[in-house]
Amino acid sequence: EFFLSSDKNFGRLVVHGHTPTENGKPDVRVNRVNIDTGAAVFGGPLTAAVFEDRTTEAVRFLKSILQ
C-alpha cells in the first residue's frame, strides 16, 4: 500500500502490474504507471503502454479483450 499511495520520486518512472484497477483503465501517476487493467481478475482488457525515448509519459495505451 505504501508504494501504491506514494508520490515519492523513485528516480525512474515505474511501470508495473499485479495490482488490478477496478475501472479497467491504467492508473497514471507522476512516479508510476500501473497497466494491470484486470484482465485475469475482472475480465477487463489486457493493456500495454507505448513509450518514446524522449519522454516518460506514455504515448498511448494498447488494449485487447481476452475471449
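Hi everyone, this is a short walk through one small set of features in a predicted model.

Let's start with the overall layout. The chain has 67 residues, and 27% of them count as buried. Its secondary structure amounts to one helix and five strands. If you follow the sequence from the start, the order is α-β-β-β-β-β. Taken along the principal axes, the C-alpha atoms fill a box of roughly 35 × 30 × 15 Å.

A word on the contacts and the surface. Take the contacts between residues at least 6 apart in sequence: 17% of these join residues at least 24 apart. As for the surface, the chain exposes about 5,000 Å², with carbon and sulfur atoms supplying 52% of that area.

Now for the charges. The chain carries 8 positive and 8 negative charges, and the mean positions of the two sets are 3 Å apart.

How many salt bridges does the structure hold? There are three. Let me begin with Asp 27, which forms a salt bridge with Arg 29, where the closest N and O atoms are 2.8 Å apart. Asp 27 also forms a salt bridge with Arg 32, and here the closest N and O atoms are 3.2 Å apart. Are Arg 32 and Asp 27 buried or exposed? Both Arg 32 and Asp 27 are buried. Arg 29, on the other hand, is partly exposed, because its relative accessible area is 39%, and the partly exposed class runs from 20% to 50%.

The remaining bridge I want to show you links Arg 54 and Glu 52, with the closest N and O atoms 3.0 Å apart. Arg 54 has a relative accessibility of 74%, so Arg 54 counts as exposed. Glu 52 is partly exposed, at a relative accessible area of 35%. Going back to the earlier residues, Asp 27, Arg 29 and Arg 32 are joined into one network by salt bridges that share partners.

Let's stay in that part of the chain for a moment and look at Asn 31. Where does Asn 31 lie? You will find Asn 31 in the loop between β2, residues 27-28, and β3, residues 32-34. Although Asn 31 sits in a loop, Asn 31 counts as buried, because its relative accessibility is 5% and the cut-off for buried is under 20%. And what is Asn 31 in contact with, leaving aside its neighbours within four places in sequence? The list is Ser 6, Asp 7, Lys 8, Phe 10, Arg 12, Leu 13 and Val 14.

Phe 10 is on that list, and that brings me to the aromatic rings. The structure holds one aromatic pair. The partners are Phe 3 and Phe 10, whose ring centres are 5.4 Å apart and whose planes are at 40°, so this pair is tilted. Tilted is the class for planes that are neither under 30 degrees apart nor over 60. Both residues have some exposure to show: Phe 3 counts as partly exposed at 30% relative accessibility, and Phe 10 is partly exposed with a relative accessible area of 31%.

One last stop, at His 18. This residue lies in the loop between β1, residues 14-16, and β2. His 18 has a positive phi of about 65°, although His 18 is not a glycine. Is His 18 buried or exposed? His 18 is exposed, because its relative accessible area is 82% and exposed means over 50%.

That's the tour, thank you all for listening!

Notes. Residues numbered from 1 in each chain as written. Predicted model: local features only at pLDDT ≥ 70, side-chain atom pairs only at ≥ 80, totals over all residues. Heavy atoms only, no water. Salt bridge = Lys/Arg side-chain N within 4 Å of Asp/Glu carboxyl O. Buried < 20%, exposed > 50% of the residue type's maximum accessible area, 1.4 Å probe, protein only. Helix = DSSP H or I, 4+ residues; strand = E, 2+ residues; numbered from the N terminus. Contact = heavy atoms within 4.5 Å. Areas by Shrake-Rupley, 256 points an atom, 1.4 Å probe, with all protein chains shown as cover. Lys, Arg positive; Asp, Glu negative; His and termini not counted. Charge placed at Lys NZ, Arg CZ, Asp CG, Glu CD. Phe/Tyr/Trp six-rings, centres within 6.5 Å; stacked < 30°, edge-to-face > 60°.
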